[in-house]
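Visitor: I would like to take a close look at a single part of this protein, the place where two helices pack against each other. Could you take me through it slowly?

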Amino acid sequence: MDKYKRASEVAEQLIINRNTLRRWLLQYEDYLNTKLEGNTKFIHESSIPAIQLIKDCYAKQLQEHEIKDKLAKSHEIPKNAEAEEEEKTPGPQYEQELNEIKSLLQQQQEFNKQLVERLNEQQKYIESRMDARDKNLMSMIREVQETKQQLLETAAAKEEVKEEEKEQKTWWSKLFGN
């Protein structure tokens with residue numbers, strides 16, 4: 001942290017509103033050497049003259065593209081070359097980590113594929129069991145309906161027999177006077 005300052009410190013040093021400085025850090029991030037740690041923005045000391053230049057340009061009412069041109073021409077404010085080089089070329093450690101991540105991703109995809117197949121099998125099993133249950137239920141309902149129908153027919157037949165016996169008794173009783 002020896003060459004970096006908090007954005008709030010730089011804002012106080014250059015007498016700039018903190019919100020204005022934050023906006024400039026976003027607008028001109030390609031020309032400034034900054035880093036973020038947690039929620040705190042840090043500005044490298046080499047970028048302070050560039051921020052002063054931005055402040056002066058706004059005081060002269062220059063447009064954003066004119067300010068960017070001045071920043072690009074200025075040799076005082078190079079972006080951190082080491083950080084840029086790190087971004088461009090990943091080291092062997094990164095390649096190893098990338099290969100590990102690829103391997104884990106491949107394993108995860110295989111696991112997901114197996115899981116989907118298993119879920120499909122379970123769904124088929126559940127559907128077949130539900131079909132069998134529905135068939136059994138329907139056959140039991142039919143049996144109950146058939147049994148009810150037979151009971152109704154039997155009850156109707158018994159009623160007819162009772163009616164016939166009544167008629168026969170009354171006929172006999174009329175005939176013989178019982």
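Guide: What follows is a walk through one helix pair, with a short view of the chain around it. This is a predicted model, in which local features need pLDDT of at least 70 and side-chain atom pairs count only at pLDDT 80 or more, while totals for chains, interfaces and linings use all residues. Residues are numbered from 1 along each chain as its sequence is written, and side-chain values use heavy atoms, with hydrogens and water left out.

The protein chain has 6 helices and 3 strands, where helices (H or I, at least four residues) and strands (E, at least two) are DSSP runs, numbered from the N terminus. Read from the N terminus, the elements follow the order β-α-α-β-β-α-α-α-α.

Two packed helices are described by the angle between their axes and the distance between the axes. Here helix α2 (residues 18–27) and helix α3 (residues 48–59) pack at about 105 degrees with axes 11 Å apart, the axes being lines fitted to C-alpha atoms over the stretch in contact, and the angles running from 0 to 180 degrees between N-to-C directions. The two helices are therefore roughly perpendicular to each other, a term for angles of 65 to 115 degrees.

On the α2 side, Leu 21, Trp 24, Leu 25 and Gln 27 meet Ile 51, Ile 54, Lys 55 and Tyr 58 of α3, where contact means heavy atoms within 4.5 Å. The residues of this contact divide into 6 nonpolar, 1 polar and 1 charged; Ala, Val, Leu, Ile, Met, Phe, Trp, Tyr, Cys and Pro count as nonpolar, Asp, Glu, Lys and Arg as charged, and the others, Gly among them, as polar.

The structure also holds 1 aromatic pair, for which ring centres of Phe, Tyr or Trp (its six-membered ring) must lie within 6.5 Å. The rings of Trp 24 and Tyr 58 have centres 5.3 Å apart and planes at 5 degrees, so the pair is stacked, as planes under 30 degrees apart are counted. Because Trp 24 lies in helix α2 and Tyr 58 in helix α3, the pair ties together parts that are 34 residues apart in sequence. Trp 24 is buried, with a relative accessible area of 6%, whereas Tyr 58, at 27%, counts as partly exposed; buried means under 20%, exposed over 50%, and partly exposed in between, with a 1.4 Å probe and protein chains only.

Definitions and conventions: Parallel < 35°, antiparallel > 145°, perpendicular 65-115°, else oblique. Phe/Tyr/Trp six-rings, centres within 6.5 Å; stacked < 30°, edge-to-face > 60°.
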